[in-house]
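Let's take a relaxed look at a few residues in this protein and see who sits beside whom. Keep the structure open as you read.

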Amino acid sequence: MDVSPEKIMKRALALARRGKGKTSPNPAVGCVIVRDGAIVGEGWHRKAGTPHAEVHALRQAGELARGADVYVTLEPCSHFGKTPPCADALVEAGVGRVFVGMVDPNPKVSGRGIERLRVAGIEVVTGIREAECRRLNEPFVKHVTTGLPFVILKSAMTMDGKTATASGDSRWITNEKSRRYVHKLRSMVDAIMVGVGTVLADDPQLTARIPRGKDPVRVVVDSSLRIPSGARMLHQESPATTVVATVSEDRNRIVKLESAGAEVLRCHAVMGRIDLRDLLARLGARGVQSILLEGGSELAGEALRAGLIDKCVLFYAPKFLGGAAGLGLFGGPSAERMDGCCRLKDVSVRRFGDDVMIEAYPEDLCLPGS
């Protein structure tokens, strides 16, 4: 078999992806152990609080781990958390070399696992498929380095860029395959966020309706507390909580919403509206690493102009709404010239039946006119 570092790290990445969305607040990690040109152990981090990838791989390899090469997507941990340090486990197993995809971005522990291995006489090689390893854990990387969640803007549109008709009707723009994938995305993030306008128009549940899926925390951006206490998201069987972010001090409304099971989170105000950066900082302080931003247009526009969107996942259905009416993806002021547009980079395309999904990352942080 091909035992080049790039090839084996690709396998470790594939293993790590099996745990994606299940390990928060920990990163998703994969590990492969190779001896004499053959894989003798594999593992991935399956769930927060359970053994890490290296431990699973070492258990599978047994005595064959001695003198073997270990490939791990993220620097082995060197500190005690809910599990013992993986760097110590590798030293005790007597492995020969360790190939690391990326150094731990946490400034409090970065490099310490690698140092522990090298002090024990184990050769360490870093930077194998580093860009892919970083992208695998982009929410973890952003949260641990900035304290802010990684924000993913998700939207469904017609080919002429409309997210709803002039009357607000948006069901359904995309096909069932696309919608099923969105529920998978919801299950993989820590929180899902919408503006109160979306709640008033659609009365969504904001749940992940897939087998064995987990519901994300539901966050409603509602400066003046217009969300009805009878909203469906407040009255469903789900372990996830609903957080209503506001700047309102209306005690009667707050009590009604809290009685309905919601948590009301008061944020700093900017011109009478919620300061989105303050809201994200508060959510990040609670351990929320990733947010799926699903609308509406005013919230999306404000997030874009504030430079808070890290990634876009956009679904296009083979339909034209036609005419000048209808709602677009972003509300608020926009660029006056094409050279002022927010550009996207690292664009990838995927098909779901006749629908097209585009994933991309904003290159410029905001639009003029913010």
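Start with Ser 248: skipping residues up to four places away in sequence, it touches Ser 223, Ser 224, Leu 225, Ile 254 and Arg 266. Keep in mind that this is a predicted model. You'll find Ser 248 in the loop between strand E9 (242-246) and helix H9 (251-259). A polar atom of the Ser 248 side chain also lies 3.1 Å from the backbone nitrogen of Asp 250.

Now hop over to Glu 138, which belongs to helix H6 (residues 138-146). Which side chain does the side chain of Glu 138 make a polar contact with? That would be the side chain of Lys 311, at 3.2 Å. Lys 311 also turns up among the contacts of Glu 138, along with Phe 150 and Tyr 361, once neighbours within four places in sequence are left aside.

Last comes Glu 54, in helix H2 (residues 53-61). An unreviewed UniProt entry gives this position the feature "active site". Leaving aside neighbours within four places in sequence, Glu 54 is in contact with Cys 31, Val 72, Leu 74, Pro 76, Cys 86 and Leu 90.

So are these residues buried or exposed? Here are the values:

| Residue | Relative accessible area | Buried or exposed |
|---|---|---|
| Ser 248 | 12% | buried |
| Glu 138 | 11% | buried |
| Glu 54 | 3% | buried |

Glu 54, for example, counts as buried because its relative accessible area of 3% falls under the 20% cut-off.

Conventions: Residues are numbered from 1 along each chain as its sequence is written. This is a predicted model: local features need pLDDT of at least 70, side-chain atom pairs count only at pLDDT 80 or more; totals for chains, interfaces and linings use all residues. Side-chain values use heavy atoms; hydrogens and water are left out. UniProt positions are given in the numbering used here, feature names are shortened, and annotations may be inferred rather than shown by experiment. Helices (H or I, at least four residues) and strands (E, at least two) are DSSP runs, numbered from the N terminus. Buried means under 20% relative accessible area, exposed over 50%, partly exposed in between (1.4 Å probe, protein chains only). Contact means heavy atoms within 4.5 Å. A polar contact is a pair of N or O atoms within 3.5 Å; within protein, one must be able to donate a hydrogen and the other to accept it, and residues adjacent in sequence count only if both atoms are side-chain atoms.
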